[in-house]
Amino acid sequence: MAYRILVVDDAAFMRMMIKDILVKNGYQVVGEAADGKQAVEKYRELNPDLVTMDITMPEMDGITALKEIRSFDPDAKIVMCSAMGQQAMVIDAIQAGAKDFIVKPFQADRVLEAIRKTLG
């Protein structure tokens, strides 16, 4: 059975890129969200196996969404996505419970490595 993944990024282009990498490698993208608030709602609704979460988004940022999701699902598997130069935010995200992070622009092998590692 394919792992079910929720893709969260405020840029539709970035969601499409990640989705493309995942689908080509046998993962099922069960939903997408454009901000942290949507991400929390979709997570509750879809209960995915893993979430790829952008850090910088409108409405609610990725770190806040990560904390909120982990408050009701401590076992949530979330991989953060960040642009170059957001190291401090990445550290915050890991401390808040993110399992790994990938840096934009995405490289397919790194995305897949982070997801495989996180799903165990």
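## Backbone conformation in the loops

Glu59 is exposed in this predicted model, with a relative accessible area of 64%. The residue is found in the loop between strand 3 and helix 3 (62-72). Its phi is near 70 degrees, a positive value in a residue other than glycine. Asn47 likewise has a positive phi, of about 45 degrees, although it is not a glycine. The loop that holds Asn47 runs between helix 2 (36-46) and strand 3 (50-54).

A further backbone feature concerns a peptide bond. Lys104 and Pro105 are joined by a cis peptide bond, with omega at about -5 degrees. Pro105 is placed in the loop between strand 5 (100-103) and helix 5 (108-119). As general background, most residues other than glycine have a negative phi, and most peptide bonds are trans.

## Strands 4 and 5

Strand 4 (residues 78-82) pairs with strand 5 in the parallel sense, over four bridges. Within this pairing, Val79 stands opposite Asp100 in strand 5. Together with helix 4 (residues 87-95), strand 4 and strand 5 make a right-handed β-α-β unit.

The two faces of strand 5 can be told apart by their cover. Asp100 and Ile102 belong to the covered face, whereas Phe101 and Val103 belong to the uncovered one. In a regular strand the side chains alternate between the two faces of the sheet.

## Salt bridges involving helix 1

Side chains of opposite charge can pair when their charged atoms come close. In this model the count of salt bridges comes to eight. One of them is formed by Arg15 and Glu32, whose closest N and O atoms are 2.8 Å apart. Arg15 lies in helix 1 (residues 12-24) and Glu32 in strand 2 (residues 28-33), so this pair ties together parts that are 17 residues apart in sequence. Arg15 is buried, with a relative accessible area of 13%, while Glu32 counts as partly exposed at 27% relative accessibility.

Another salt bridge links Asp20 with Lys24, and here the closest N and O atoms are 3.1 Å apart. Both residues lie in helix 1, four residues apart, which is about one turn of the helix. Asp20 is partly exposed, with a relative accessible area of 39%. Lys24, by contrast, is exposed, and its relative accessible area is 65%.

## The network around Asp100

Asp100, already noted on the covered face of strand 5, also takes part in a salt bridge. Its side chain meets that of Arg110 at 3.0 Å, N to O. Asp100 lies in strand 5 and Arg110 in helix 5, so the pair ties together parts that are ten residues apart in sequence. Asp100 is buried, with a relative accessible area of 5%; Arg110 counts as partly exposed at 24% relative accessibility. Salt bridges that share partners join Asp100, Arg110, Glu113 and Lys117 into one network.

Asp100 thus appears in several of the features described. Asp100 stands opposite Val79 in the strand pairing, and Asp100 is one of the four residues named in the network.

Methods: Residues numbered from 1 in each chain as written. Predicted model: local features only at pLDDT ≥ 70, side-chain atom pairs only at ≥ 80, totals over all residues. Heavy atoms only, no water. Buried < 20%, exposed > 50% of the residue type's maximum accessible area, 1.4 Å probe, protein only. Pairing = 2+ DSSP bridges. Right-handed = clockwise from strand over helix to strand, strands pointing away.
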